[in-house]
Amino acid sequence: MPKDLPSDEIRRALHRAADLAADYLESVERHPVVPRIQPGDVARQLPVAPPEHPEAMDAILDDYLRLIEPNVTHWNHPGFLAYFGITGSGPGVVAETLAAALNVNAMLWRSGPAPTELEGRVCDWLRQLMELPEGFHGHINDTASSSTLVALAAARHRLPGLAVRERGLAGRPEVPPLVVYACDQAHSSVDKAAIVLGLGQENVRRVESDAAFRMSVPALAAAVAADRAAGRLPMAVVATVGSTSTTSIDPVEEIADLCAREGIWLHVDAAYAGSAAICPESRALMQGIERADSLVTNPHKWLFTPVDCSVLFVRDLANLQAAFSLVPEYLRTGDAGVTNLMDLGFQLGRRFRSLKLWMVLRAYGVEGLRAHLREHCALALALAERITAEPGFELAAPVPFSTVCFRAVPAGLADPAALDRFNERLLAGINAAGPFFLSHTALRGRYTLRVAIGNVKTTARHLDALWDLVQETARGLLPE
Ligand SMILES: *Cc1c(COP(=O)(O)O)cnc(C)c1O
């Protein structure tokens with residue numbers, strides 16, 4: 001039995017994989033964005049029992065090509081405009097392959113010196129590009145959900161006198177409820193963090209938003225005051241920069257003022273729009289993020305880095321380490337003056353994620369990244385202008401970045417429930433056509449379609465075709 005593939009076979013299989021990947025990226029538009037399959041269709045073609053005997057890589061790769069590639073939802077397709085359109089760019093694909101070969105687990109500096117130091121450096125590059133002050137320390141997690149959980153744990157650790165790390169929260173009547181504030185537009189990862197941290201979902205205050213879907217600061221101030229009056233302890237405010245539904249931007253500067261006055265931790269969730277902070281004109285829309293205690297942004301959303309890559313910046317690294325560091329004897333190394341990534345969160349092990357961010361930043365260069373982000377914003381604005389100009393359609397939210405929310409409002413269809421149904425059918429019709437995939441949201445309870453532009457290969461030609469398809473589909477749905 002060979003211990004691993006012989007090196008000439010690894011080489012051959014990797015060469016074939018390189019062809020498969022490059023062919024795929026070159027011709028991804030052959031596929032409908034969403035595969036036309038039903039639940040169970042893939043599982044039915046997979047053997048129920050595991051293989052008893054070794055199989056040849058060529059046979060396995062043949063099956064990959066037949067069973068897997070056509071049956072994924074094609075996130076790397078320029079017509080993928082759902083959720084947040086993303087790009088797993090070529091430099092990132094190359095980096096992921098090499099990271100797999102190294103198979104480094106960078107829990108400690110000693111267990112991954114170059115990965116640890118590269119992670120520090122590329123996160124600092126990103127800090128500079130986002131115009132965050134020196135002293136912010138960045139590290140990489142899998143997702144924004146993990147980053148926000150870690151940030152809120154750090155916020156909890158900073159509360160004086162509670163010793164939650166040692167004593168927990170349960171069975172302690174002297175500990176008041178700890179409250180987290182976020183806009184009614186904020187991501188559900190805030191609630192999930194409250195669930196995991198034992199704060200309880202009831203202690204997440206969803207603060208109302210204004211007409212542009214931004215957190216109302218007077219409502220936030222009133223909620224904090226009411227909680228204090230009732231003996232609860234305000235712990236953190238999560239300000240969203242680029243909310244998931246509309247990419248609205250909470251007024252971070254005013255929220256930072258309130259947090260400073262009240263001694264409350266400020267966490268900024270910029271999972272999607274944080275990437276745009278590398279463009280000065282977009283950074284200007286986010287004044288105040290430099291005052292956060294912690295900030296998360298996902299290069300895997302809008303900085304052309306393959307999933308997963310979420311950067312968490314914290315202002316007080318020592319506090320984060322104090323919240324999480326727990327070093328068993330077998331991991332004590334005596335290396336002085338190093339950062340051990342295992343001290344910065346709940347996971348011990350760390351994938352080598354900085355390699356792909358490094359290769360992406362270098363291969364595009366800052367000017368390349370900025371050019372693509374600006375192009376996406378310009379495409380979104382152009383689409384928004386068409387929607388506004390077209391009778392029978394309305395823009396449903398402002399467009400500060402590259403995401404457009406809209407709905408059809410055909411003449412003579414005034415009943416809100418009927419309008420919602422119409423738009424639901426419109427979305428289904430658009431997605432059934434194949435070349436595009438859009439998703440939806442609810443804004444003030446009303447069904448809304450979203451176009452999120454984030455793939456480097458999405459061009460004006462695609463959006464022209466999409467807009468034709470939207471209008472054509474809507475016409476086809478009009479009641480006789
Ligand atoms: C996408 C998103 C998240 C969650 O991201 P994950 O990395 O998938 O956990 C959190 N907040 C905002 C604003 C988002 O858009």
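## Briefing: salt bridges, ligand site and two residues

Arg16 has a relative accessibility of 21%, so Arg16 counts as partly exposed. Buried would require under 20%. The model is predicted. The structure holds 28 salt bridges, and 13 residues surround the ligand. The points below take selected salt bridges, then the ligand, then Arg205 and Val42.

**Salt bridge Asp62–Arg16**

- Arg16 pairs with Asp62 in a salt bridge, and the closest N and O atoms are 2.6 Å apart.
- This pair links distant parts of the chain, with the two positions 46 residues apart in sequence numbering. Arg16 sits in helix α1 (residues 7-26), while Asp62 sits in helix α2 (residues 57-68).
- Asp62 is partly exposed because its relative accessibility is 41%, which falls between the 20% and 50% limits.

**Salt bridge Glu290–Arg283**

- Glu290 and Arg283 form a salt bridge, with 2.8 Å between the closest N and O atoms.
- Both partners, Glu290 and Arg283, are buried.

**Salt bridge Asp464–Arg386**

- Asp464 and Arg386 form a salt bridge whose closest N and O atoms are 3.0 Å apart.
- Here too the pair links distant parts of the chain, and the partners are 78 residues apart. Arg386 belongs to helix α13 (residues 354-389) and Asp464 to helix α15 (residues 460-477).
- Asp464 has a relative accessibility of 35%, so Asp464 counts as partly exposed. Arg386 is also partly exposed, with a relative accessible area of 33%.

**A salt-bridge network**

- Five residues are joined into one network by salt bridges that share partners. The acidic members are Glu96 and Asp308. The basic members are Arg351, Arg353 and Lys356.

**Ligand site**

- Of the 13 residues around the ligand, the closest are Ala144, Ser145, Asp269, Asn298 and Lys301.
- By class, the shell has eight polar, three nonpolar and two charged residues.
- Helices α5 (144-158) and α11 (299-302) each supply at least two residues of this shell.
- The side chain of Ser145 places an N or O atom 2.5 Å from an oxygen atom of the ligand.
- The side chain of Asp269 has an N or O atom 2.6 Å from a nitrogen atom of the ligand.
- Asn298 has a polar side-chain atom 2.8 Å from an oxygen atom of the ligand.
- On its own, the ligand has 380 Å² of accessible area, and the protein covers 87% of this area.

**Arg205**

- Arg205 lies in strand β3 (residues 204-207).
- A polar atom of the Arg205 side chain is 2.9 Å from the backbone oxygen of Glu202.
- Beyond its neighbours within four places in sequence, Arg205 is in contact with Val179, Val180, Tyr181 and Ala182, and also with Asp227 and Arg232.

**Val42**

- Val42 is in the loop between α1 and α2.
- Val42 is partly exposed, because its relative accessible area is 23%.
- Setting aside its neighbours within four places in sequence, Val42 is in contact with Ile37 and Asn71.
- Val42 and Val72 are 30 residues apart in sequence. Their C-alpha atoms are 10.0 Å apart in space.

Technical notes. Residues are numbered from 1 along each chain as its sequence is written. This is a predicted model: local features need pLDDT of at least 70, side-chain atom pairs count only at pLDDT 80 or more; totals for chains, interfaces and linings use all residues. Side-chain values use heavy atoms; hydrogens and water are left out. A salt bridge is a side-chain nitrogen of Lys or Arg within 4 Å of a carboxyl oxygen of Asp or Glu. Helices (H or I, at least four residues) and strands (E, at least two) are DSSP runs, numbered from the N terminus. Buried means under 20% relative accessible area, exposed over 50%, partly exposed in between (1.4 Å probe, protein chains only). A residue is near a molecule or strand if one of its heavy atoms lies within 4 Å of it. A polar contact is a pair of N or O atoms within 3.5 Å; within protein, one must be able to donate a hydrogen and the other to accept it, and residues adjacent in sequence count only if both atoms are side-chain atoms. Accessible areas come from the Shrake-Rupley method with a 1.4 Å probe; for residues, only the protein chains shown count as cover. Ala, Val, Leu, Ile, Met, Phe, Trp, Tyr, Cys and Pro count as nonpolar, Asp, Glu, Lys and Arg as charged, and the others, Gly among them, as polar. Contact means heavy atoms within 4.5 Å.
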